[in-house]
Amino acid sequence: MNTQDKQLALGFVGTGTITSAIVEGLCAHPPVAHRICLSPRNADVATRLVTRFPVVRIATSNQDVLDASDAVFLAVRPQVARPILEALRFRPEQHVVSLIATFSHARVAALVAPARTVTCAVPQPTVSRRLSPTAIFPPDRFVTALFNELGVAFEASTEAEFHALFATTAAMATFFTLLDTLAHWLTAHDVSSTAARDYVAKMFQGLADVPGRSASSFAELAAEFKTRGGLNEQFANALAERGVFAACSSALDVILRRIVESENRP
Ligand SMILES: NC(=O)c1ccc[n+]([C@@H]2O[C@H](COP(=O)([O-])OP(=O)(O)OC[C@H]3O[C@@H](n4cnc5c(N)ncnc54)[C@H](OP(=O)(O)O)[C@@H]3O)[C@@H](O)[C@H]2O)c1
């Protein structure tokens with residue numbers, strides 16, 4: 001399958017947060033999609049997408065989504081996925097892209113047989129603005145090309161590598177908690193809440209741009225931003241002494257264990 005094929009039909013079983021973000025990304029300018037078919041759930045999200053984008057339609061059932069699609073995205077929650085998938089008839093040549101967190105490649109492949117090509121992917125909400133790094137497993141040309149249109153695809157060559165990439169997505173909310181901590185501290189020191197929010201947001205927006213413009217490692221950038229004896233060095237050392245960075249690594253170990261254990265659960 002080729003992402004440049006304008007006749008490509010993409011289907012989504014599950015019409016929630018991540019489907020909405022992917023469809024917005026696909027339909028952003030210049031559009032990458034194709035024809036898009038959504039399962040008839042979550043009327044608010046589905047109606048909003050159909051109203052905004054002429055290439056989107058709502059199917060009459062989950063089976064209708066499959067019957068109309070060359071590639072089908074599975075975007076339902078893990079708790080309800082098994083009975084939903086067991087009730088569906090996939091075609092052997094249909095490409096299945098599973099977004100279902102904690103469902104291993106083998107488990108999805110067994111549930112969607114006789115479909116032969118299954119790819120697991122972890123897009124992030126920034127896929128809507130074509131800025132998501134998306135881990136995929138196993139490597140696949142079509143899925144890589146698709147997620148390269150929506151940011152950058154990272155092909156994991158083993159499931160363990162895929163799990164590790166997946167685990168780090170758990171840090172997204174903490175990023176905002178760090179920004180919130182800085183903004184709150186500023187408001188406690190006479191800065192208005194609007195100025196505090198804008199100041200912190202701009203600071204991190206500028207910093208987020210730095211690695212893309214440099215070949216330096218993160219450790220080298222940290223060293224570059226730390227004047228010896230300066231405030232950045234003192235702040236980083238104070239956090240390190242309090243175990244903040246070591247705690248991040250051990251929390252990631254906990255997340256990874258949860259992913260692996262839930263995949264091994266029957
Ligand atoms: N959110 C993310 O950033 C993200 C990123 C990567 C992967 N994922 C994975 O993607 C999957 C969906 O996540 P989400 O955040 O989009 O969840 P969500 O917002 O709760 O959406 C789930 C969707 O599934 C629908 N659904 C429930 N039962 C269904 C059925 N029998 N047939 C068809 N659709 C049904 C729901 O419809 P109703 O509202 O009508 O019940 C809802 O539209 C999860 O497995 C999650 O782990 C999410």
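**Local backbone features, strand pairing and a helix contact**

At a relative accessibility of 77%, D190 counts as exposed, a classification that rests on the cut-off of over 50%. In this predicted model, D190 is located in the loop between helix 8 and helix 9, and its phi is near 75°, which is a positive value in a residue other than glycine. A second such case is provided by T102, which is not a glycine and yet has a positive phi of about 70°; T102 belongs to the loop between strand 5 (95-98) and helix 5. Most residues other than glycine have a negative phi, and most peptide bonds are trans.

Cis peptide bonds were also identified. The bond from H29 to P30 is cis, with omega near -10°, and P30 is found in the loop that lies between helix 1 (17-27) and strand 2 (35-38). The bond from A113 to P114 is likewise cis, with omega near 15°, and P114 has its place in the loop between helix 5 (105-112) and strand 6.

Strand 6 (residues 117-122), which follows the loop holding P114, is joined by three bridges to strand 7, and the two strands run antiparallel. On its other pairing, strand 7 is connected through five bridges to strand 8 (residues 151-155), in this case with a parallel course. I136 of strand 7 takes part in both pairings, since A121 stands opposite I136 and E155 is the bridge partner of I136 in strand 8. Of the six residues of strand 7 (residues 132-137), five are buried, so that this strand is largely enclosed by the rest of the structure; the cut-off for burial is a relative accessible area under 20%.

The loop that carries D190 links two helices that are themselves in contact. The axes of helix 8 (residues 172-187) and helix 9 (residues 193-208) come within 9 Å and cross at roughly 135°, and the two helices are therefore oblique to each other, given that angles over 145 degrees would be counted as roughly antiparallel. The crossing of helix 8 and helix 9 is right-handed. On the side of helix 8, the contact is made by F175, L178, L179, L182, A183, L186 and T187, whereas helix 9 contributes S193, A196, Y199, V200, M203 and F204. By residue class, the contact of helix 8 with helix 9 comprises eleven nonpolar residues and two polar ones, with no charged residue taking part.

Methods: Residues numbered from 1 in each chain as written. Predicted model: local features only at pLDDT ≥ 70, side-chain atom pairs only at ≥ 80, totals over all residues. Heavy atoms only, no water. Axes fitted to C-alpha atoms, helices over the stretch in contact; angles between N-to-C directions. Helix = DSSP H or I, 4+ residues; strand = E, 2+ residues; numbered from the N terminus. Parallel < 35°, antiparallel > 145°, perpendicular 65-115°, else oblique. Left-handed = near helix turned anticlockwise from the far one by under 90°. Contact = heavy atoms within 4.5 Å. Nonpolar A, V, L, I, M, F, W, Y, C, P; charged D, E, K, R; others polar. Buried < 20%, exposed > 50% of the residue type's maximum accessible area, 1.4 Å probe, protein only. Pairing = 2+ DSSP bridges.
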